[in-house]
Amino acid sequence: MTESKTNVMRILDAHKIKYKSYSYDGSVALSGSEVAAILGENPEQVFKTLVTVSKSKKNYVFMIPVEKELDLKKAAGAVGEKNVEMLKSKDLLPTTGYIHGGCSPIGMKKAFPVTIDASAKNFSSIIYSGGRIGSQIETTLADLSKIVRLQVAEITE
């Protein structure tokens, strides 16, 4: 079975960035922890992509390990806002081009600022959504930073 390329993979290919792709049965909704288990990977190395909105209507993207929770106060501080809240599910597709469970920091409709939890520095690479449910991508932080504007900060509870 050949895996069809996602837009994320095409963008990585265009930038000549090496990545490892994982695929799993995306027909059943799974938590990030379940995805990590299916892939046989450390859940601290598997990151979920969360989209927030500030009072000023700016969007920010945060990437945190699948078993952690985003600390909204720390997240707001990291991006210089008083507060941020999670983007409503119904606004995710029109804002990012992605659906819940398949949201990747790469290939969003607009290039939103991305903040990755500092724990990512503990790994030579991190795993995150390949842009659709059932697809995960593994790259180094350095390679990811070639495609998205990112910073690293303490943003989990």
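**Strand pairing and a buried loop serine**

In this predicted model, an open sheet is built from 3 strands arranged in the order β1-β7-β6, with antiparallel pairing. The edges of the sheet are taken by β1 (20-23) and β6 (126-129); each has a single partner strand, so one side of each is left without a neighbour in the sheet. On average, and ignoring direction, neighbouring strands here are turned by 25 degrees against each other.

A look at the β1 side of the sheet adds some detail. Strand β7, which covers residues 135-139, pairs with β1 over 4 bridges in the antiparallel sense. Within this pairing, Y22 has Q136 of β7 as its bridge partner. Helix α1, formed by residues 7-14, lies across both β1 and β7, and the helix runs at about 25 degrees to β7.

A second group of strands centres on β3, and this part of the model is worth a closer look. Strand β3 spans residues 59-65 and is mostly covered, with 7 of its 7 residues buried. Two pairings of β3 can be described. With β2 (residues 47-54), β3 runs antiparallel, and 7 bridges join the two strands; here T52 finds its bridge partner in Y60 of β3. The hairpin of β2 and β3 has 4 residues between the strands, and in this hairpin K57 adopts a positive phi near 70 degrees. With β5, by contrast, the strands run parallel and are joined by 3 bridges. In that pairing, M63 is matched with I116 of β5 as its bridge partner.

The loop leading up to β5 holds a residue of interest. S104 is found in the loop between α4 (89-96) and β5 (114-117). The C-alpha atom of S104 is separated by 11 Å from that of V114, which is 10 residues away along the chain. Is this loop serine buried or exposed? With a relative accessible area of 0%, S104 is buried, because residues under 20% are counted as such.

The surroundings of S104 bring together several parts of the chain. Leaving aside neighbours within four places in sequence, S104 is in contact with V8, T49, Y98, Y128, S129, G130 and G131. Among these partners, S129 also comes close through its backbone: the backbone oxygen of S129 lies 2.9 Å from a polar atom of the S104 side chain. Several of the elements described above meet again at this point. V8 belongs to the residue range of α1 (7-14), T49 to that of β2 (47-54), and both Y128 and S129 to that of β6 (126-129).

Methods
Residues numbered from 1 in each chain as written. Predicted model: local features only at pLDDT ≥ 70, side-chain atom pairs only at ≥ 80, totals over all residues. Heavy atoms only, no water. Pairing = 2+ DSSP bridges. Axes fitted to C-alpha atoms, helices over the stretch in contact; angles between N-to-C directions. Contact = heavy atoms within 4.5 Å. Buried < 20%, exposed > 50% of the residue type's maximum accessible area, 1.4 Å probe, protein only. Polar contact = N/O pair within 3.5 Å; in protein donor to acceptor, adjacent residues only side chain to side chain.
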